[in-house]
Structures are given as C-alpha cells and as structure tokens.
Amino acid sequence: MTYVLIVVFIFIAAGQIPSLIKQKYWRELVVFSIFLTLAFTFSLLISLDVKIPSPLKVIQYDIQDKYNLKYQQE
Amino acid sequence: MVPSSIVSITKHDTWLVIISAFVISMPFILSYVALAKKFPGKNLVQINDIIYGSYLGKFVSLLYLGYFLVMMSLNLRDLADFYVNFIMPDTPLVFFLIAFIMVCAYAVRNGIECLARISFVMIVIWFMVVATTIVLLFKDMKLSNFLPVFEISFTSYVHGTHLFATYPFCEIFIILMIIPSVNNPKHIRKYTLLGVASSALLILAISIRNTAVLGIVSTITASPSYQVARLIDIRDFLTRVEVLTSIALTTTLFMKVSILYYASVLSMSQITRMRSYYPLIIPIGIIAVCLALIIFDSTIDHALHATNYHPFLVAPIEFILPPLSLLIVKMLGLPKRIEGE
C-alpha cells in the first residue's frame with residue numbers, strides 16, 4: 001500500500017514539475033512542492049494507520065463543548 | 001438536497017422552517033451581493049486584502065480557505081457515506097472519495113466556464129427528478145400528515161431555522177469567489193436572488209413531498225428523499241425509481257464539491273500570489289480526500305455534528321465576517337479611494 005502511494009506521488013510530481021521548470025514558474029514550484037509534501041505526509045500517515053485527530057472534533061471538544069456553543073436535542 | 005438530519009428536529013413542520021430560514025438569510029445574501037458590487041472584478045481574497053490590509057487580510061482569507069476545504073471534505077464524505085450506506089455496502093469509503101474527486105479535479109482543471117455551462121444541464125436534471133417523483137407519488141400523499149401545525153417547541157424552530165440558514169442558503173457566499181468571472185456584472189443581484197429563490201422553492205417542494213408521503217416516518221430514515229422514491233410502484237411496472245434520486249444527489253454534490261474545490265484552489269493560489277492555480281489542483285484534492293477520511297468516525301458522528309455543532313461552527317464565517325467587511329467598507333469609503341489612486 002505504501003509503495004503504491006509512493007509510486008503515485010512520484011507520477012504526480014513527474015507530471016507537474018517539468019512543465020513548471022520549463023515555464024520558469026519558481027514561486028508556483030515552491031508552493032506546489034510544499035502542498036504535495038503535505039499531501040504525501042497526510043496520506044502516508046493514513047496508510048500507516050496512524051490515528052490523526054480530526055480538526056472538527058478538536059474544535060467540538062475544546063471550544064464548542066467548553067463554551068456551550070451547540071444545540072442540545074431533547 | 002435537503003439535510004436529512006434536520007428532519008428529526010423539525011419533524012412535519014420542516015416546510016415552515018425552510019420559509020423562515022429563507023426570509024432570515026435574505027439580508028445576509030444581499031450583503032454578500034453588495035460587497036461584490038463595491039469591488040467589481042475582484043474576488044473574496046482580493047477584497048480582504050483591500051479591506052483588512054495585507055497581513056490581517058491574509059489571515060481572514062486563510063479562515064475562508066479553511067471553510068472551503070472543510071466544507072469540501074464534508075460534502076465528499078456525504079456522497080461516499082451515501083454510496084456505502086445505500087448502494088454498495090462492501091466497497092471501502094476511500095474508493096468513492098478518490099473516484100469522485102478525480103471527476104471534480106477534471107472539471108476544475110477545465111475552468112469555471114465549463115462548470116457554469118454544465119450547471120445548466122444539472123439544474124434541468126434536478127427539476128425533472130423532483131417533478132417526476134412528485135407526479136408519481138400523488139396517490140400516496142396524505143395532507144393530514146402536516147396537521148398538528150406548530151406542534152414542536154420554539155427552540156426547535158430556532159435550531160432548524162439556524163441550520164437551514166447556514167447549510168443550504170448562506171453557503172451562497174461562495175459566489176464572492178466566482179463573481180469576477182461573471183459576464184454581466186450589472187445583474188448580479190437579480191440573478192443571485194433568483195437562484196436562491198428557485199433553490200428554496202426546490203427544497204420546499206422536496207420537503208413537502210417527503211412529509212406528505214412519509215409523515216412521521218421521515219424522522220427516522222437516514223435519507224427521506226431516497227426512501228420516498230423507493231415507495232414508487234406503478235402497477236409493478238415502474239419501480240426502482242430511487243436511482244433517479246441517487247443521480248440527482250450525485251450531480252448536486254458534484255456541482256457543490258467542484259465549486260468549493262475551485263474556490264479553495266483559487267483562494268490558495270491568490271494568497272500565495274501564484275500566476276495560475278493549476279499546479280495546486282492535485283495536492284489540494286489529495287488533502288481533501290485525506291481530511292474526508294479522518295474527519296468523522298461514522299455516519300452517526302457526521303449527523304450529530306451536522307445538526308448540533310455545524311450551525312455555530314460556520315456562523316462567524318457566514319453571518320459575521322461578510323457583513324463586517326461591508327460595514328468597514330461603508331465606514332472608510334474604501335472603493336472611492338481605490339478609484340482615486
């Protein structure tokens with residue numbers, strides 16, 4: 001599973017980066033690399049079954065439950 | 001698409017709640033349109049940069065970007081949950097997410113014009129589906145299902161109105177990202193109001209159909225629209241019409257996810273001042289799929305969040321920030337200064 005992921009990401013990078021370099025879009029290249037690394041880390045963690053806390057759950061428990069910013073059904 | 005979890009709160013008075021939510025969200029929608037009219041040819045990120053300055057503006061734009069991204073993965077999750085729960089129970093969730101995001105990525109890659117052109121076809125499909133199911137279900141409808149009107153408690157009305165105002169109606173503020181590419185900026189207000197009104201009418205028709213056919217049963221089904229279409233049976237000849245509902249749901253969510261996808265990609269590319277948004281399409285799509293996978297543990301979790309937490313979570317972004325921006329613009333007289341430069 002992890003190998004498949006790595007191959008897929010190599011394909012994506014190989015598809016995008018040469019055209020960006022050819023057009024001299026350096027800023028775009030930097031942003032693209034940052035986001036692709038982020039996406040790769042994210043999907044790698046999921047494929048390795050690492051438990052990532054859901055951002056919505058964090059907001060629910062830490063903010064909305066604390067200050068009662070929610071509806072309660074009877 | 002009617003948020004089905006709300007039916008468990010507002011029961012058979014859902015149609016009243018939809019009307020009141022439509023009336024309440026009207027001033028907010030007018031404020032979005034007024035904001036767009038103040039800055040012709042500029043989208044939300046550029047407007048934020050002008051109003052709040054470059055640093056605070058970036059922060060506000062990042063808030064909006066987070067909203068777009070989270071809404072996109074919520075809608076993705078909605079679709080995948082629907083397919084797993086009703087149609088293909090043994091298929092893993094991630095398959096639907098990836099297949100769907102690839103179609104949306106293709107649509108976004110082709111640009112906003114392509115999306116706008118296909119949206120017309122989709123609208124015709126939705127109206128046809130709703131009209132067909134209503135006509136075929138005429139014999140099953142019982143108007144007595146509506147009868148104890150105003151039966152539910154006042155807090156439930158407030159809750160339902162808040163939810164409907166945030167979930168289908170005030171989401172329209174995403175047009176602030178699209179308005180710069182509109183052909184004819186003079187008629188923005190007219191067409192926005194027309195669009196919101198027709199969608200409200202469609203939602204109203206769907207909810208009246210569901211309540212008239214199912215009655216109190218609609219409060220315990222996971223997807224009333226799908227359940228309603230299952231009941232269609234014309235002399236054992238015309239059955240299984242629920243496929244129409246799933247087509248309508250898939251196309252609606254395709255449209256919604258594509259527009260949210262376009263908005264998040266475009267806003268990210270403008271925050272980082274890129275010259276084109278194409279390189280961001282694939283990474284942001286992958287991040288949205290990952291987010292959709294981890295965001296909820298189960299469908300129950302999703303429904304609980306959608307009914308109880310979601311209205312407060314998105315209220316600052318939909319109800320407070322755009323009118324606040326408009327207020328700041330009015331007080332500082334901003335666009336005039338821009339024109340003077």
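**A buried threonine, a pocket and some aromatic pairs**

In this predicted model, B:Thr250 comes out as buried, its relative accessible area of 19% falling under the 20% cut-off. The residue sits in helix α10 of chain B, which runs over residues 242-271. Its side chain makes a polar contact of 2.9 Å with the side chain of B:Tyr83. Once neighbours within four places in sequence are set aside, B:Thr250 touches B:Leu79, B:Tyr83 and B:Phe100. B:Tyr83 turns up again as part of one aromatic cluster, together with B:Phe82, B:Phe86, B:Phe95, B:Phe96 and B:Tyr226.

Aromatic pairs crop up elsewhere too, with 19 of them counted over all chains. Take B:Tyr67 and B:Phe173: the ring centres are 5.4 Å apart and the planes meet at 45°, so this pair goes down as tilted. B:Tyr67 belongs to helix α3 (residues 44-87) of chain B, while B:Phe173 is in the loop between α6 (154-169) and α7 (175-178) of that chain, so the pair ties together parts 106 residues apart in sequence. Both partners are buried, B:Tyr67 with a relative accessible area of 6% and B:Phe173 with 0%. B:Phe173 also pairs with B:Phe68, this time in a stacked arrangement, at 6.2 Å centre to centre and 25° between the planes. Because B:Phe68 lies in helix α3 and B:Phe173 in the α6-α7 loop of chain B, this pair links parts that are 105 residues apart in sequence. B:Phe68 is buried as well, its relative accessible area being 0%.

Next, the pockets. The second largest one has a volume of about 930 Å³. Its lining is made up of 33 residues, and B:Val94, B:Ile98, B:Val289, B:Cys290 and B:Leu293 are the ones nearest the centre. Both chains chip in: α1 (2-22) and α2 (26-47) of chain A, along with α4 (93-109) and α11 (281-294) of chain B, each provide at least two lining residues. The biggest share of the lining comes from α11(B), with eight residues. Sorted by class, the lining of this pocket holds 25 nonpolar residues, four polar ones and four charged ones.

Over in chain A, A:Ser19 is placed in helix α1, one of the helices that help to line the second largest pocket. At 36% relative accessibility, A:Ser19 counts as partly exposed, since that value falls between the 20% and 50% cut-offs. Its C-alpha atom is separated by 40 Å from that of A:Ile59, a residue 40 places away along the chain.

Note on methods:
Residues numbered from 1 in each chain as written. Chains lettered and ligands numbered in written order. Predicted model: local features only at pLDDT ≥ 70, side-chain atom pairs only at ≥ 80, totals over all residues. Heavy atoms only, no water. Helix = DSSP H or I, 4+ residues; strand = E, 2+ residues; numbered from the N terminus. Buried < 20%, exposed > 50% of the residue type's maximum accessible area, 1.4 Å probe, protein only. Polar contact = N/O pair within 3.5 Å; in protein donor to acceptor, adjacent residues only side chain to side chain. Contact = heavy atoms within 4.5 Å. 1 Å grid on protein atoms, 1.4 Å probe; cavity = no way out; pocket = protein on both sides within 12 Å on 5 of 7 lines; lining within 4 Å. Points joined across faces, edges and corners; volume = space filled by probe spheres on them. Nonpolar A, V, L, I, M, F, W, Y, C, P; charged D, E, K, R; others polar. Phe/Tyr/Trp six-rings, centres within 6.5 Å; stacked < 30°, edge-to-face > 60°.
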